[in-house]
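Got your viewer open and a selection box ready? Load the model below and we'll walk through it stop by stop.

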Amino acid sequence: MKSHVRVVVIGGGVVGCSVLYHLTKLGWSDVMLIERSDLTSGSTWHAAGGFHTLNGDTNMAALQGYTIRLYKELEAITGMSCGLHHVGGITLADNMARFEMLKAERAKHRYMGLDTEILGPEEITRLTDGLVNVQGILGGLYDPLDGHLDPSGTTHAYAKAARMGGAEIVLHNRVLATHQTAGGWEVVTEQGSVTCEHLVNAAGLWAREVGAMAGVYLPLLPMAHQYLVTDDIPEIMDILKSGREFPHVMDPGGESYLRQEGRGLCIGFYEKPCEPWSVDGTPWGFGHELLNEQFDKIEDSVTFAYRRFPVLERSGVKRVIHGPFTFAPDGNPLIGPVQGLRNYWSACAVMAGFSQGGGMGLALAQWMIEGEVERDPRGFDVSRFGGWTTPGYTVPKVVENYQMRFSVSYPNEERPAARPFRTTPMYDVFDAMGAVWGQQYGLEVVNYFALPGAPRYEEPSFKRSNAWEATRQEVMAVRQAVGINEVQNFGKYRVTGPNSRAWLDRIMAGLIPKPGRLSLAPMLAESGKIIGDFTVSCLSETEFQLTASYGAQGWHGRWFDQHMQDGVTVENISDQRSGFQIAGPKARDLLARVTRADVSDAAFKFMDVRQITMGMAKCIVQRVSYTADLGYEIYCDQMSVRHLWTVLTEAGKDLGLRPFGMRAMMSLRLDKFFGSWGREYSPDYTPCETGLDRFIRWNKASDWIGKAPAMAEKANGAKRALCAFIVDAKDADVVAWEPVWIDGKVQGYCTSGGYSHFSGQSVALALIPTKLAHDGLMVEIEILGERRPAKLVTTPLFDADGAHMRG
């Protein structure tokens with residue numbers, strides 16, 4: 001074993017071996033993998049080995065497609081067999097909601113290069129030789145890439161390919177400790193110590209224990225999962241004799257997946273009475289063992305499977321596989337750099353290792369070597385869970401995710417486990433007012449306020465929900481009078497020190513304002529892609545407040561840490577500083593009633609920021625609004641929030657003051673075609689594509705991050721442009737990723753959309769080729785499988801000349 005390498009990967013499962021291979025593939029050969037036992041020990045060896053591309057996150061789906069296509073490349077490189085069976089896969093829909101979800105997924109695949117199709121019951125019967133009972137089935141989604149493989153052979157192929165690239169693999173060598181050093185990490189093992197620049201935790205079932213060695217809590221939990229393998233089945237043997245194989249079938253209604261195994265079938269279950277395993281830690285001695293059979297917990301699932309796949313009831317069970325594998329609270333992997341630890345990388349909770357392992361290995365290798373990922377990684381980025389995450393939160397969320405793995409995933413759904421957890425001082429006040437709650441980064445956030453007599457629950461739907469009328473009334477209150485909304489769900493940072501301005505000028509592409517002013521500033525990666533969308537408020541030459549997405553705190557905080565310099569201090573004050581925004585034509589009247597300060601238009605202009613006493617509360621007030629109306633954001637410390645609420649609501653009674661939630665906010669911003677972080681503004685896009693280039697200070701002298709590629713794109717022009725469309729929708733609006741048909745071809749896709757209650761129109765924001773982007777362009781946008789006419793518009797639906805917002 002070498003005493004020094006560039007990278008140490010801990011864990012010899014499919015994910016660790018994939019990371020090792022991709023590091024060598026991208027040019028780093030001085031890399032080592034350390035495994036406590038043999039390769040595949042843990043979860044990999046007993047995996048069912050199925051693979052598929054279906055995933056609600058389009059970047060995850062694309063990386064799953066990459067993973068599946070990679071296997072033939074591995075076989076060609078190594079001469080080893082991965083045991084590939086590209087048999088195709090069918091996901092069944094037994095109700096309209098699930099069928100709508102599958103049609104929405106098929107629509108996404110049109111521009112992702114995935115050749116899927118919607119099937120009717122007759123086609124499902126034909127493809128499965130009648131072995132699927134299609135009674136009650138409305139249809140299904142077919143993907144020719146789906147199939148299964150040999151887990152052990154595939155993992156060893158990754159390992160051999162990595163060795164061919166120069167990697168070293170050390171087996172039977174448990175890691176005992178990890179210590180951060182000035183230059184990287186010391187990894188203490190049973191065979192001695194090795195120092196490295198980068199440390200990758202791919203320890204699978206033991207990722208929590210390995211993380212704890214470095215003082216890291218990784219929110220994951222092993223779940224006991226069970227699948228059955230049948231004896232030989234005559235019907236399967238007949239299919240094999242004909243030169244074909246049985247396809248992979250997922251039956252979400254029955255919580256099961258089914259595939260061919262030899263001359264029989266393999267069926268696994270995501271049962272409701274599921275079992276967390278080793279909640280308090282995985283024993284170091286566990287490895288190539290299985291758990292005891294537990295037929296009782298899958299009894300109902302098996303009964304359902306016998307009805308859906310009658311051939312199973314006539315087949316004997318040859319073997320039962322019952323073993324643990326790991327989940328994060330939302331079911332997606334935990335990949336990327338861990339904030340607060342230099343060059344410590346997470347590569348764990350990849351529960352679908354043979355669907356996702358290749359893509360996750362590629363993403364992490366790109367991150368380590370190139371500094372960023374080719375695709376937006378936020379769906380699997382470890383930073384999406386902050387320091388607030390605890391085992392008490394992780395366990396119920398993982399259980400919920402396991403139980404709902406095959407449930408319909410609705411765009412407006414709010415799952416209830418581990419909630420409420422993190423709340424603001426306003427929680428009980430808003431709850432008493434009928435708040436219907438959502439959550440963001442663990443925080444309870446008001447989605448809307450239920451009308452008197454209405455249920456305190458938004459029905460999950462792909463169509464317009466029962467929140468419609470309440471949201472409409474909140475929108476109209478803002479447009480006609482004045483609305484109030486809590487600003488806790490903004491990420492907030494205090495930047496201080498003598499070098500604050502110079503530092504901000506380097507990490508932000510926009511103008512850094514003078515004292516008393518604020519600006520909107522994109523933050524770019526080295527590639528010129530968007531990694532932040534900030535409001536920068538200058539309180540003095542040595543103090544600034546930054547505001548951005550609350551859910552991006554881990555993402556942004558890590559970036560700040562990586563680019564820190566002397567003479568600058570950045571404090572995350574997201575949960576220390578809160579307050580409210582007020583917006584609408586009477587917002588100034590309300591503000592004037594609660595302060596002695598001059599807030600007239602002449603004294604307090606658009607984009608001004610002031611420190612003002614309101615009631616008894618010391619506040620930072622800035623004149624800006626995401627609602628596109630006259631508005632102010634008012635910040636104070638958390639201890640003053642309830643007082644500030646009382647002051648504002650008492651003063652606003654006769655002005656028609658009404659609280660509004662995030663459903664109304666998302667409708668209001670569409671009136672002005674404002675983009676949203678995570679939808680229009682993300683690491684998949686550039687400023688010139690999305691219109692954020694108007695906030696870049698192109699001529700400033702500093703060498704801001706991402707300057708060269710941004711300047712090059714500005715000179716050459718972006719190939720695609722973000723445009724707004726009015727959609728002739730029926731009862732469903734654009735959510736995101738719907739394809740845009742132009743001249744009979746898919747030539748773009750939607751980033752977000754919804755219903756503008758103010759204008760009474762359905763709105764979509766979409767990226768299309770720049771050369772086609774002109775006012776009045778007629779297109780079709782595919783919503784739930786139906787192509788709806790849409791028209792490109794360039795004039796905002798509200799305050800087109802900015803008179804309300806600026807006046």
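What follows is a short tour of selections, with a note on what to look for at each one. Keep in mind that this is a predicted model.

**Stop 1: α1 against α5**

Start by selecting residues 14–25, which form helix α1, and residues 151–164, which form helix α5. How do their axes cross? They come within 8 Å and cross at roughly 30°. That makes α1 roughly parallel to α5, because angles under 35 degrees count that way. As for handedness, the crossing of α1 and α5 is left-handed.

Now show side chains. On the α1 side, pick Val14, Cys17, Ser18, Leu20, Tyr21, His22 and Thr24; they meet Thr155, Tyr158, Ala159, Ala161 and Ala162 in α5. Colour this contact of α1 with α5 by residue class and you get eight nonpolar, four polar and no charged residues.

**Stop 2: α5 against α9**

Keep α5 on screen and add α9, residues 353–370. Here α5 and α9 pack at an angle of about 10°, with their axes 12 Å apart. That makes α5 roughly parallel to α9. Select Pro151, Thr154, Thr155 and Tyr158 from α5, then Phe354, Gly357 and Gly358 from α9, to see who makes the contact. The class count for the contact of α5 with α9 is three nonpolar, four polar and no charged.

Thr155 and Tyr158 are worth a label: they are among the α5 residues that meet α1, and they are also among those in the contact with α9.

**Stop 3: two loop residues around here**

Next, go to alanine 167, in the loop between α5 and β8 (168–170). Alanine 167 is buried, with a relative accessible area of 10%. Skip its neighbours within four places in sequence, and its contacts are Leu20, Thr24, Ser29, Val31 and Ala162. Leu20 and Thr24 should look familiar, as they are among the α1 residues that meet α5. Try a distance monitor too: the C-alpha atoms of alanine 167 and valine 7 are 9.7 Å apart, although the two positions lie 160 residues apart along the chain count.

Then jump to threonine 40, in the loop between β2 (31–34) and β3 (50–51). Threonine 40 is buried, at 4% relative accessible area. Beyond four places in sequence, threonine 40 is in contact with Gly12, Gly13, Trp45, Ser152, Thr155, His156 and His288. So there is Thr155 once more, one of the contacts of threonine 40.

**Stop 4: backbone oddities**

Time to check torsions. Select alanine 349, in the loop between β19 (344–348) and α9. Its phi is near 60°, a positive value in a residue other than glycine. Alanine 349 counts as buried, at 1% relative accessibility.

Tyrosine 441, in the loop between β20 (435–440) and β21 (443–449), is another one to pick. Tyrosine 441 has a positive phi of about 55°, and it is not a glycine either. At 11% relative accessibility, tyrosine 441 counts as buried.

For omega, select arginine 419 and proline 420: a cis peptide bond joins them, with omega about -5°. Proline 420 is in the loop between α10 (391–403) and α11 (427–432).

**Stop 5: the cysteines**

How many disulfides does a search of the whole structure find? Zero. Select cysteine 266 and see for yourself: its sulfur is 18 Å from the closest cysteine sulfur, in cysteine 82, too far for a bond. Cysteine 266 counts as buried, at 0% relative accessibility. Cysteine 538 is in no disulfide either, and the nearest cysteine sulfur, in cysteine 619, is 19 Å away. Cysteine 538 also counts as buried, at 0% relative accessibility.

**Stop 6: α14 and the loop after it**

Finish with helix α14, residues 553–562. Eight of its 10 residues are buried, so α14 is largely enclosed by the rest of the structure. To highlight the buried ones, pick Gln553, Gly554, Trp555, His556, Gly557, Arg558, Trp559 and Phe560.

Last selection: glutamine 565, in the loop between α14 and β27 (569–572). Is glutamine 565 buried or partly exposed? At 26% relative accessibility, glutamine 565 counts as partly exposed. Not counting residues up to four places away in sequence, glutamine 565 touches Asn499, Trp503 and Arg506.

Methods
Residues numbered from 1 in each chain as written. Predicted model: local features only at pLDDT ≥ 70, side-chain atom pairs only at ≥ 80, totals over all residues. Heavy atoms only, no water. Axes fitted to C-alpha atoms, helices over the stretch in contact; angles between N-to-C directions. Helix = DSSP H or I, 4+ residues; strand = E, 2+ residues; numbered from the N terminus. Parallel < 35°, antiparallel > 145°, perpendicular 65-115°, else oblique. Left-handed = near helix turned anticlockwise from the far one by under 90°. Contact = heavy atoms within 4.5 Å. Nonpolar A, V, L, I, M, F, W, Y, C, P; charged D, E, K, R; others polar. Disulfide = S-S within 2.5 Å. Buried < 20%, exposed > 50% of the residue type's maximum accessible area, 1.4 Å probe, protein only.
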